[in-house]
Amino acid sequence: MWENLYDDEEEEEIEYRYDTQLLIEGKNLNEDAIRDYFNNNFVGDCLLAVGDSDLIKIHYHTNEPWKVLEYCASLGEIYDIVVEDMVRQAAGLQG
């Protein structure tokens with residue numbers, strides 16, 4: 001059923017389907033170490049990991065957002081979590 005919602009060309013253009021965004025609140029957070037972990041352990045693009053030692057904003061495109069959430073939760077409290085399906089958005093549907 002769901003395959004009828006998407007144009008095959010649109011799906012091919014979007015390599016990493018899920019736009020994953022969240023905040024991590026913790027202690028001694030290190031944005032460089034977080035970026036390095038993402039680059040070495042996840043497959044995706046458009047990584048943004050910015051903040052300070054108490055709060056980091058994450059933005060990342062991936063096909064496995066649950067892995068991102070699991071890792072980030074290991075660093076501290078996560079909130080303002082948004083996972084949007086960019087294939088659905090490209091098809092004009094709610095993400």
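A residue counts as buried when its relative accessible area is under 20%, as exposed when over 50%, and as partly exposed in between, with a 1.4 Å probe and protein chains only. By that rule, buried residues make up 31% of the 95 residues in the protein chain. The model is predicted: local features need pLDDT of at least 70, side-chain atom pairs count only at pLDDT 80 or more, and totals for chains, interfaces and linings use all residues. Residues are numbered from 1 along each chain as its sequence is written, and side-chain values use heavy atoms, with hydrogens and water left out.

**Overall fold**

The protein chain has four helices and four strands, in the order α-β-α-β-β-α-β-α from the N terminus. Helices (H or I, at least four residues) and strands (E, at least two) are DSSP runs, numbered from the N terminus. Contact means heavy atoms within 4.5 Å. Of the contacts in the protein chain with a separation of 6 or more, 69% are between residues 24 or more positions apart. The accessible surface comes to about 6,000 Å², and 45% of this belongs to carbon and sulfur atoms; the areas come from the Shrake-Rupley method with a 1.4 Å probe, and for residues only the protein chains shown count as cover.

**Aromatic residues**

Rings of Phe, Tyr and Trp (its six-membered ring) pair if their centres lie within 6.5 Å; planes under 30 degrees apart count as stacked, over 60 as edge-to-face and the rest as tilted. The count comes to seven aromatic pairs. In one of them, the rings of Phe38 and Tyr60 are edge-to-face, because their planes stand at 85° with the centres 4.9 Å apart. Phe38 belongs to helix H2 and Tyr60 to strand E3 (residues 55–62), so this pair ties together parts that are 22 residues apart in sequence. Phe38 is buried at 0% relative accessibility, and Tyr60 is buried at 3%.

Phe38 also forms an edge-to-face pair with Tyr71, at 5.9 Å centre to centre and 80° between the planes. This second pair links helix H2 with helix H3 (residues 65–75), where Tyr71 lies, 33 residues apart. Both Phe38 and Tyr71 are buried. One aromatic cluster is formed by Tyr37, Phe38, Phe42, Tyr60 and Tyr71.

Phe42 of this cluster has its C-alpha atom 8.0 Å from that of Lys67, 25 residues apart along the chain. Lys67 is in helix H3 and is partly exposed, at 35% relative accessibility.

**A buried acidic residue**

Asp19 lies in strand E1. Lys and Arg count as positive and Asp and Glu as negative, while His and the chain ends are not counted. A salt bridge is a side-chain nitrogen of Lys or Arg within 4 Å of a carboxyl oxygen of Asp or Glu. Asp19 is buried but has no salt bridge; Lys57, the nearest side chain of opposite charge, is 7.8 Å away. Beyond its neighbours within four places in sequence, Asp19 is in contact with His59, Tyr60, His61, Val82, Val83, Glu84 and Met86.

**Positive phi angles**

Two residues other than glycine with a positive phi are tabulated here.

| Residue | Phi | Location | Relative accessible area |
|---|---|---|---|
| Asn28 | near 55° | loop between strand E1 (18–25) and helix H2 (31–41) | 73%, exposed |
| Cys46 | near 60° | strand E2 (residues 44–51) | 44%, partly exposed |
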